[in-house]
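Colleague: Got a minute to walk me through this chain?

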Amino acid sequence: MTSALYLEHYLDSLEHLPIELQRNFTLMRDLDSRAQTLMKNIDSLADTYLKNQKNLNQEQCKEQLDKIQSLFNKAKEYGDDKVQLAIQTYELVDKHIRRLDSDLARFESEIQDKALNLRNTEENSVGKKGRKKIKDGKDSKKKRSGNSSEEDSTGTVRGSKKKKQKCTTNTNSAGGTALSNTISASVVDAVLPGLAGITHPSDVLDMPVDPNEPTYCLCHQVSYGEMIGCDNPDCPIEWFHFACVGLTTKPKGKWYCPKCTQDRKKK
């Protein structure tokens with residue numbers, strides 16, 4: 001596959017990426033706007049409650065506090081959804097980056113294979129030419145031995161011509177072999193230096209994670225897929241992958257991680 005085809009296929013895969021990113025960013029902006037509106041309503045209700053607290057009975061106080069708590073929970077859900085959208089957006093871009101790295105590695109690997117094949121072809125071609133010239137030399141010797149009577153009549157002049165012709169043939173053969181070897185070496189040397197750091201596509205897929213990226217969950221891995229946050233504000237881990245804590249869907253109400261759940265039971 002040529003570089004033009006690699007580029008064409010990769011650009012085709014990016015065709016819908018801007019639309020998907022725009023959709024995610026629009027949703028995140030909308031969720032953020034809703035959360036900000038809820039926080040303003042919470043501030044307003046809290047101010048009203050503090051001003052009228054002395055004039056309210058126990059039931060009215062409880063009703064006001066429950067309403068404020070409900071708004072807080074709704075704002076937290078908006079925040080969680082926004083975090084999930086941010087994670088999905090990151091993974092969407094990262095998927096295309098990994099594909100580009102894989103395609104580049106595969107393309108460079110093909111270039112290296114072509115360079116090695118070219119070198120082997122050049123060497124085989126030079127070897128065949130050398131064997132053919134040696135065979136032609138033997139045939140010419142046999143012909144000359146069969147015409148010995150004619151050689152005797154021509155004397156020293158014919159012998160000197162044959163010697164001169166033989167020297168010329170050997171010189172041309174040596175020069176042609178050296179020239180072919182020089183061309184082959186120059187072609188390979190021009191292609192191979194840029195391929196010294198080639199990695200196999202499978203190695204690219206197993207590239208190490210950025211050491212500066214924070215880790216989460218019980219597995220101590222970076223964020224990926226769907227995650228859920230522990231409702232304990234003092235939780236040392238905070239975020240967990242659904243699979244690591246046995247979840248398939250987002251639970252309703254408050255959720256605590258296994259460690260915080262045990263700590264709460266002990267209390």
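What follows is a short chat about the model.

Colleague: Before we start, what kind of model is this?
Modeller: This is a predicted model.

Colleague: How many helices and strands are there in the chain?
Modeller: Seven helices and two strands. Counting from the N terminus, the order is α-α-α-α-α-α-β-β-α.

Colleague: And how many residues of the chain count as buried, as a percentage?
Modeller: 21% of the 267 residues. The accessible surface is about 19400 Å². Carbon and sulfur atoms make up 55% of that surface.

Colleague: What share of the contacts comes from residues 24 or more positions apart?
Modeller: 63%, taken over contacts with a separation of 6 or more.

Colleague: Let's take α2. What should the helix span, at 1.5 Å a residue?
Modeller: Helix α2 covers residues 17-52, which is 36 residues, so 52 Å is expected. The end C-alpha atoms are 53 Å apart, which agrees.

Colleague: Which residues of α2 are buried?
Modeller: L17, L21, N24, M28, L31, A35, L38, I42, L45 and Y49.

Colleague: Why would spacings of three or four places matter in a helix?
Modeller: An α-helix has 3.6 residues a turn, so residues three or four places apart point the same way. Read the buried list of α2 with that in mind: L17, L21, N24 and M28 are among its members.

Colleague: Switching to α3. Where does Q88 sit?
Modeller: Q88 is in helix α3. Q88 is partly exposed, at 40% relative accessible area.

Colleague: How far is Q88 from E226 in sequence and in space?
Modeller: They are 138 residues apart in sequence. Their C-alpha atoms are 8.2 Å apart in space.

Colleague: Now pockets. What is the volume of the largest pocket?
Modeller: About 500 Å³.

Colleague: How many residues line it, and which lie nearest its centre?
Modeller: The lining of the largest pocket has 23 residues. K76, E77, D80, K250 and G253 lie nearest the centre.

Colleague: Which element gives the largest share of that lining?
Modeller: α3, with ten residues. α3 spans 58-146, and both α3 and β1 supply at least two lining residues.

Colleague: On to the loop between α6 and β1. Which way does C217 go, buried or exposed?
Modeller: C217 lies in that loop. C217 counts as buried, at 1% relative accessibility. Its phi is near 70°, a positive value in a residue other than glycine.

Colleague: And H220, buried or exposed?
Modeller: H220 is in the loop between α6 and β1 too. H220 counts as exposed, at 57% relative accessibility. The phi of H220 is near 55°, again positive in a residue other than glycine.

Colleague: What about S223? Where is it?
Modeller: S223 lies in the loop between α6 (201-205) and β1 (227-229). S223 is buried because its relative accessible area is 18%, and the cut-off for buried is under 20%.

Colleague: What does S223 touch?
Modeller: E91, E213, Y216 and H241, leaving out residues up to four places away in sequence.

Colleague: Next, W255. Where is that one?
Modeller: W255 is in the loop between β2 (239-241) and α7 (258-266). W255 is buried, with a relative accessible area of 12%.

Colleague: Which residues is W255 in contact with?
Modeller: I228, G229, C230, D231, F240, V245 and L247, leaving aside neighbours within four places in sequence.

Colleague: How far is W255 from N232?
Modeller: 23 residues in sequence. In space, W255 and N232 are 8.4 Å apart, C-alpha to C-alpha.

Colleague: Last topic, cysteines. How many disulfides does a search of the whole structure find?
Modeller: Zero.

Colleague: Why is there no bond from C257 to its closest cysteine sulfur?
Modeller: The sulfur of C257 is 3.3 Å from the sulfur of C260, so the pair is too far for a bond. A disulfide needs the two sulfur atoms within 2.5 Å. From the other side, the closest cysteine sulfur to C260 is in C257.

Colleague: Are those two cysteines buried or exposed?
Modeller: C257 is buried, at 2% relative accessible area. C260 counts as buried at 2% relative accessibility.

Notes: Residues numbered from 1 in each chain as written. Predicted model: local features only at pLDDT ≥ 70, side-chain atom pairs only at ≥ 80, totals over all residues. Heavy atoms only, no water. Helix = DSSP H or I, 4+ residues; strand = E, 2+ residues; numbered from the N terminus. Buried < 20%, exposed > 50% of the residue type's maximum accessible area, 1.4 Å probe, protein only. Contact = heavy atoms within 4.5 Å. Expected span 1.5 Å × (residues − 1). Areas by Shrake-Rupley, 256 points an atom, 1.4 Å probe, with all protein chains shown as cover. 1 Å grid on protein atoms, 1.4 Å probe; cavity = no way out; pocket = protein on both sides within 12 Å on 5 of 7 lines; lining within 4 Å. Points joined across faces, edges and corners; volume = space filled by probe spheres on them.
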